Structures are given as C-alpha cells and as structure tokens.
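Hello,

Here is the structure you asked to see. My notes follow below it; please read them with the coordinates open.

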Amino acid sequence: MHKHLQRLSLLWMLALSAAGSHAGGFPDHPIRLLVGYGPGGGTDLIARLVATHVSQELGQPVVVENKPGAGGNIATDQVARSARDGYTLLLAANTVTINPHLYRNLATDIQRDVRGVGIIATSPIVLVAGPGSPFSTLDELLAYAKANPGKVSYGSPGVGTPQHLAVELLAHMSGLRMTHVPYKGSSQSLSDLLAGHIPLVSAAINSAQPYIESGKLRGLAVADAGRLDRLKAVPAIAERVKGYEVRIWYGLMAPANTPDAVVARLNQALAAAAKHPEMQARMQELGYELALGTPSAMDAEVAADVRKWGGVVKAAGLQAE
C-alpha cells in the first residue's frame, strides 16, 4: 500500500509539473469564483483569501461572486452549467455533500456534474455546554441523553449544516435521540447557551474557542478522530464512539470534464497559495487549518461524505426548511 501511494504521489507531481505546458496558456483572462453564501461568512472569507493568493500565482484576477440561496445550491448549479474551461469555479463547503439528501430534485449531481480541484482548509466542530447544563463531560452528555430520550436540546447554525449533522451522527451511532434547535448562525446559539436557554451547542471551533478559553463555556468534545493541538484538554468524540469523525471542509470545484491539465494547473496554484506566509497566518487567525489535497483526493472525500450523510439524514428524517 505504501509503495502504491508513493507511485500515485509521483504521478501527481509529474502531472503538476506538466500542467503549465499542457493547459493551453491557461489562464489568459480573469477567473470567476462563485460562493453560495453571502459576504462576510466563513465560506466567503476563505474564498477571498484563496482568490487573492491564487490570482498572484496565476497572473490573472480571480473575482469572487456571491450567489447565496438554497443552501448554496444556486452557486453549485451555475458552476455545473458553466463552460468546462476552468474559468468558472466554486468555493465549496462540505454542505455540497449534504444537500443531495435534504433537497428534492436537485438540478446538479455533485459527483456527476462537478469535479474537485482540491480541498484547501478544514474547520473542526466542537460540542459546548453552558454553565447551567446538566452535563459537563462527553460521558455525562451521553448518559444523560440515554436516560432522557429527546430531552437534550442542542443548537446549531441551521438545518443540514455540518454542525447539525455532527450531533445527528453522534446520536445515530450511539442510539440516542436529541432535539435540534436551528439558529441563523452560531452567534445567537452561543448567546442562548451562555444565557442558559439551551444546554448544548454544536459550533465551528473558530466560533466556540474564545468562550472555552475564557471559561464561559465548557468544551465537551471535538467532532474529530483525535484531539486538537489547540484544545488538548477536550476529548475527541472518536475516543468514546469508534469510527466517528466530522469536519467542515472547504475547497475548489470545477465543472465536470474540465481538462485534467487545467485542473492540475489550478491545484498547483492552490498549493503555492497555501504555502504563502500571509495565507497561513490569516487562516490560523480565522481558526481554519490548511489541508491541501489532490483533485482525486477531494473527489474521494465528496463520494465518502455523500454516502455517510445519506444514512444520517434518512435516519433523522430531515429535509430542507
């Protein structure tokens, strides 16, 4: 297996080195980068960072366009219908792998109609409890939820978000039943947690970490396979529930059948951008972790997530609001 991975890595490096000479002069005019959410949110911030540094690497402007609506599906549909030339891209979050199970009759099949360019960053999810919560550890939460089916209410930034499904996956794998309270973003849910209106919130680490570090909220667990360096005292859910892992990821996607050489050139620019000190510093400041991968690795991640979330959404009986 190790030799096989080495061979794949070598082949991809060769593809990258050849990308510039086989991409037909790509790019020779500006690139559009579509975002399925409004300005100011996490996806938009990452898009603008990526646009700034990738444009420097490619020598052409990368223009961010916000196309909010339908949980990001409007932007995804527009990219899927665009010319397969690398000039219209999507800054995708892993909601693109959840939406097929929430929305009926989607125009775009995320695996058939678009392809990965590369994952650029991840954001861990953390479960946090308030000062008045009846549990202060992950074990206490699981025991309380088991003894009180449906009585543990938890907040998230909305139906079908990774933060929402992180708890639904925990419940699914542990045989528990908890009650979801959707909010429009994490700030209000965390405010309600502080005020004692709700006992548990699932939030991206960049939203929750300041409250945990100040002692205002308790970090119960990170929704990951292992502990995080920045929250070493907070256990990973996988320590208690074997095989559990959820992360929010962000990456570039292009229309299906975009030439391999063009995708390789874009991935090469993304890799160079990820090494830029300003990019690294800003990502860390915002609470994201750089995690660049190959196009094929992103396609594999998309396929795995589509399979995983299908079972969770079905078991929870979810649908888009």
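Thr-108 is buried, because its relative accessibility is 11% and anything under 20% counts as buried. This residue sits in the loop between H4 and S4. Its side chain makes a polar contact of 2.6 Å with the side chain of Asp-77. Leaving out residues up to four places away in sequence, Thr-108 touches Thr-76, Asp-77, Ala-80 and Asp-113. Please keep in mind throughout that this is a predicted model.

Asp-113, one of those neighbours of Thr-108, also takes part in a salt bridge. Its partner is Arg-112, with 2.7 Å from N to O. The two ends of this pair sit in unlike surroundings: Asp-113 is buried at 14% relative accessible area, whereas Arg-112 is exposed at 53%.

Another loop threonine is Thr-95, placed between strand S3 (88-93) and helix H4 (99-102). With a relative accessibility of 13%, Thr-95 counts as buried. Apart from neighbours within four places in sequence, Thr-95 is in contact with Tyr-37, Gly-71 and Pro-162.

Domains

How is the protein divided? There are two domains: domain 1 covers 31-123 + 247-316, and domain 2 covers 124-239. Their C-alpha centres are 26 Å apart. Contact between them involves 19 residues of domain 1 and 18 residues of domain 2.

The size of an interface is often given as the accessible area lost when the parts come together. Between domain 1 and domain 2, the buried area is about 1400 Å², and carbon and sulfur atoms give 67% of it.

As for polar links, two salt bridges are counted between the domains. Five residue pairs are in polar contact across this interface, with both residues of each pair at pLDDT 80 or more. On the domain 1 side, strand S4 (114-129), strand S9 (247-255) and helix H11 (295-316) each supply at least two of the residues that touch domain 2. H11 gives the most, with seven residues. By type, the residues on this side of domain 1 divide into 10 nonpolar, six polar and three charged.

Salt bridges

The whole structure has 12 salt bridges. Besides the Arg-112 and Asp-113 pair, these are the ones I would look at.

- Arg-48 and Asp-44: the closest N and O atoms are 3.0 Å apart. Both residues lie in helix H2 (residues 42-58), four residues apart, which is about one turn of the helix. Arg-48 is partly exposed at 35% relative accessibility, while Asp-44 is buried at 3%.

- Arg-115 and Asp-260: the side chains meet at 2.9 Å, N to O. Arg-115 is in strand S4 and Asp-260 is in helix H9 (residues 260-274), so the pair ties together parts that are 145 residues apart in sequence. Here Arg-115 is buried, with a relative accessible area of 17%, and Asp-260 is exposed, with 56%.

- A network: salt bridges that share partners join Asp-224, Arg-230, Arg-247 and Glu-289 into one network. Within this network, Arg-230 and Glu-289 form a salt bridge whose closest N and O atoms are 3.2 Å apart.

A residue in S4

Is Val-126, at 0% relative accessibility, buried or exposed? Val-126 counts as buried, because its value of 0% falls under the 20% cut-off. Val-126 is found in strand S4. Not counting residues up to four places away in sequence, Val-126 touches Val-201, Ser-202, Ala-203, Ile-205, Ala-208, Ile-212, Ala-221 and Val-222. The C-alpha atoms of Val-126 and Leu-33 are separated by 29 Å, with their positions 93 residues apart along the chain.

If you want a route through the model, start with Thr-108 and its contact to Asp-77. Go on to the Arg-115 and Asp-260 salt bridge, then to H11 on the side of domain 1 that touches domain 2, and end with the contacts of Val-126.

Regards

Methods. Residues numbered from 1 in each chain as written. Predicted model: local features only at pLDDT ≥ 70, side-chain atom pairs only at ≥ 80, totals over all residues. Heavy atoms only, no water. Domains from an automatic or database assignment. Contact = heavy atoms within 4.5 Å. Buried area = accessible area lost by both parts, 1.4 Å probe. Salt bridge = Lys/Arg side-chain N within 4 Å of Asp/Glu carboxyl O. Polar contact = N/O pair within 3.5 Å; in protein donor to acceptor, adjacent residues only side chain to side chain. Nonpolar A, V, L, I, M, F, W, Y, C, P; charged D, E, K, R; others polar. Buried < 20%, exposed > 50% of the residue type's maximum accessible area, 1.4 Å probe, protein only.
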